[in-house]
Amino acid sequence: MNEDSANLSVDFLAGFTIFIIAFIWVATMIPSLLIGLNAYSIDYNAVAYRTGVILAEDPGAAGPVPGAPCFGISSASGTSWETLPDKCDIARFGLAISKNTPNILDGNKVERFFCWTVGADPNNRTTFSYPTDYQERAIFGDYPYLFNISLNIVGENQVLSVGDVIQNADYGYIRRDVMIKGSSNATIDALVAKTRGYGYNNTENVTLNQFSIELNQAELQGGITASPHEIDYPAYQIDPGSDSIIINITNLNQTRNQLVFGNFPNSCNLVGITFYEQLSGTTYLSNITPAITAYYLIINGTYTPSALPAMVNDSVSLVFKPGAFSPAEDADPSAPVFINLTFAISPPQQYLNNTLAQPFDYNYDPVNVTQPQLQNGVLEVAVW
Amino acid sequence: MVNTRGQLYTIEGVAAALIILASAYVVVNATSIYTPGDTHISDMQLEVLGSDALVMMNTAPNSTAESPLQTIVEKSDGITFGQMYNNIVNNRTETGQDSIQFMANVSYVKSDEKTVNSTTLLNMTRALVGGEHAVHVSQWVLAKNRYPDSDSLRNRTVLVEVFLWRD
Amino acid sequence: MAGLNDNAQWIVLMGFLVSFSLFFIAIILNQSVMVGQTTAEAVSEFPKYDIRGIRSVIIESSTAGMPDSLNVQNDIHVLSLNRQNSVVNFSTTTNGGYTYIQIHYNNGVTAYNETWRSP
């Protein structure tokens, strides 16, 4: 028998054992080298930053949403997603007015964004549900991030927020400073009526008095070139298609000729509101009928469901909701629109009436219309 | 029968074990794993916040007004700048203010049209002593002003520069 | 012992193999730390606010009828080179009622080119 062919000698076993023990011990040390690497904790700040940019600097997009329950069926497009009632038409959230106005948010988009509930209701496709709807449209990514998005408008006591209260110690965070655009409004009071001859120069005593307001859409969208400022910057623009238009008429009693008719009238009613539009290519005014929900009236300080005639004491406010003149409702978004209010007063006398004067022009003149103001705000996004 | 045959195996086994242990020791002592970029994240957050605040100050609140930052630069009004910027940058959605400090100045081109000078500062909440980890943001402003070594009142572009740090 | 006995060299070879693999893992882990260059660095490096600011000042200064426009434009060149380490070059042309401004911006890391047309 060969003397050096003893592969299983005790010495071999001893040497092999020592080697294997050392090898096993070192192999168990290897996982400790990998302890410092952790993917998720670096991620949250990046996601928060991205969400902050999407909300503050992007106008959002209307379009199809893949996945249940929408399955990519939608024909919507454009950036006015806040007017769409079905959330399956909203592909991405974004609060900026347009991509050329970063950090300037649209008040209507803000209101719509913060309209949410917890959990999904399959019957309700207007209110957004936390967290899935926001994950699909603002947070993105495969991991189901939880989040809290808060907006504080300086000067208002309320903080708008969506999401859970922050509980973890480890979360990603970003804070953006933004400005929120308000809406414009016009106030026609006794002074305006007097200086422009809305009724005071009428020498005729009439029963039906018509007051006309003009919304020259082409001028509003294109800005005034003759004024000191060119208003084509979307942050200051009055856009009838997506902004709220508010017309306040006050001190109506003082438009009467109180020297002749000292007593309060027997009856004074708002009997009708009619809309006309001079469609392009025509020289006459066409009758248009906006949806019944596009506007509402506040008469004498109280909200009146549109049941006319309604008695008027002193004030009428006409509020058009955002989207009342949007391309979906308005056939010709560059044509001037005339809104006529008809007042019936008995006994017949002077009243707010501009049939002999110019229609009240809702434009960029700060004397006519209080221009949209920008308010400061703080937007905070926390993701975990 | 005990003899020295086969001891080579033992010796080689011990030698191999020693090699592995020595290399493991060298490796573990040499590799240092640390989470990168922690300072960069807070820098980025501060930079975004500071720039946003400057952009907001450079936007007029309505179509007829001038932007507040332009008015501040034209009048060299450091006090208004300090109050406004402090307010905007330290505002939060929850109650209580943040504690971000800043130091701001305005850079303009001297009358020789070639060199740049920085004015004495616009305002600061506290002097930079050197231990702070500050970020630098800037904003372009178009304004009319006359600076100490310039002799004409004309339209000029200036750079409002701010250093921001967190206490 | 007659000659060299190489019977146990498998064991030493395996020992060497294990230590080589340890060194390899260590090198990979060391490099991976640098590979995770964070989003935060990339965000800070991209001059988004600088480009927006310069672009708006250039467009403002190129509007017709603004006094001292040459001075303002010289200010932009000098300030951006000295304070922001970036080179800007811009020129205005008029064609068919529209004003076109060509803007070139380069700060060494990011280059930005745009042709802006007046609305």
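In which sense do β11(A) and strand β17 (residues 316-320) of chain A pair, and over how many bridges? The two strands run antiparallel to each other, with five bridges between them. Strands here, like helices, are DSSP runs numbered from the N terminus (E, at least two residues, for strands; H or I, at least four, for helices), and two strands pair if DSSP finds at least two bridges between them.

A quick note on what you're looking at: this is a predicted model, where local features need pLDDT of at least 70, side-chain atom pairs count only at pLDDT 80 or more, and totals for chains, interfaces and linings use all residues. Residues are numbered from 1 along each chain as its sequence is written, while chains are lettered from A and ligands numbered from 1 in the order in which they are written.

**Around strand β11 of chain A**

Back to β11(A), which covers residues 245-249. On its other pairing, strand β9 (residues 184-188) of chain A joins β11(A) in the parallel sense, again over five bridges. For register, T187(A) has N248(A) as its bridge partner in β11(A), and I247(A) sits opposite L318(A) in β17(A).

The side chains of β11(A) alternate. I245(A), I247(A) and I249(A) point to one face and are buried, whereas I246(A) and N248(A) point to the other and are not. Buried here takes 20 or more other C-beta atoms within 10 Å of a residue's own; 12 or fewer makes it exposed, anything in between is partly exposed, and the C-beta atoms are placed from the backbone.

**Domains of chain A**

Chain A splits into domain 1 (40-181) and domain 2 (184-372), with bounds that come from an automatic or database domain assignment. Their C-alpha centres are 36 Å apart. Nine residues of domain 1 of chain A and seven of domain 2 of chain A make up the contact; two residues are in contact if their C-beta atoms, placed from the backbone, lie within 7 Å. The domain 1 side has two nonpolar residues, six polar and one charged. In that split, Ala, Val, Leu, Ile, Met, Phe, Trp, Tyr, Cys and Pro count as nonpolar, Asp, Glu, Lys and Arg as charged, and the others, Gly among them, as polar.

**Chain B and its two partners**

Chain B has four helices and five strands, in the order α-α-α-α-β-β-β-β-β from the N terminus. Of its 167 residues, 36% are buried. Among contacts in chain B with a separation of 6 or more, 61% are between residues 24 or more positions apart.

Chain B touches chain A with 37 residues, against 43 residues from chain A. Both α1 (7-30) and α2 (38-57) of chain B supply at least two residues to that side, and α1(B) gives the most, with 13 residues. In the contact with chain C, 40 residues of chain B meet 42 residues of chain C. The elements giving two or more residues to this side of chain B are α1, α2, β1 (100-109), β4 (135-145) and β5 (154-166). Here too, α1(B) gives the most, with 13 residues.

| Side of chain B | Nonpolar | Polar | Charged |
|---|---|---|---|
| touching chain A | 19 residues | 14 residues | four residues |
| touching chain C | 21 residues | eleven residues | eight residues |

**Cores**

In soluble globular proteins, nonpolar side chains tend to be buried together. A nonpolar core is a set of buried Ala, Val, Leu, Ile, Met, Phe, Trp, Tyr and Cys residues joined through C-beta atoms within 7 Å. The largest one has 83 residues, of which V383(A) and V160(B) touch the most other members. Its largest share, ten residues, comes from α2(B). Apart from this core lies another, of 32 residues, including A186(A), L215(A), C268(A) and A324(A).

Beyond its neighbours within four places in sequence, V160(B) contacts L54(B), L69(B), V73(B), A104(B), V106(B), S138(B), Q139(B) and V141(B).

**Backbone oddities**

Most residues other than glycine have a negative phi, and most peptide bonds are trans. Y130(A) and P131(A) are joined by a cis peptide bond, with omega about -5°. P131(A) lies in the loop between β5 (128-130) and α4 (132-139) of chain A.

N251(A), not a glycine, has a positive phi of about 55°. N251(A) is in the loop between β11 and β12 (267-277) of chain A, and counts as partly exposed because it has 17 C-beta neighbours inside 10 Å. D68(C) also has a positive phi, near 60°. D68(C) belongs to the loop between α3 (48-61) and α4 (69-83) of chain C, and is partly exposed, with 16 other C-beta atoms within 10 Å.
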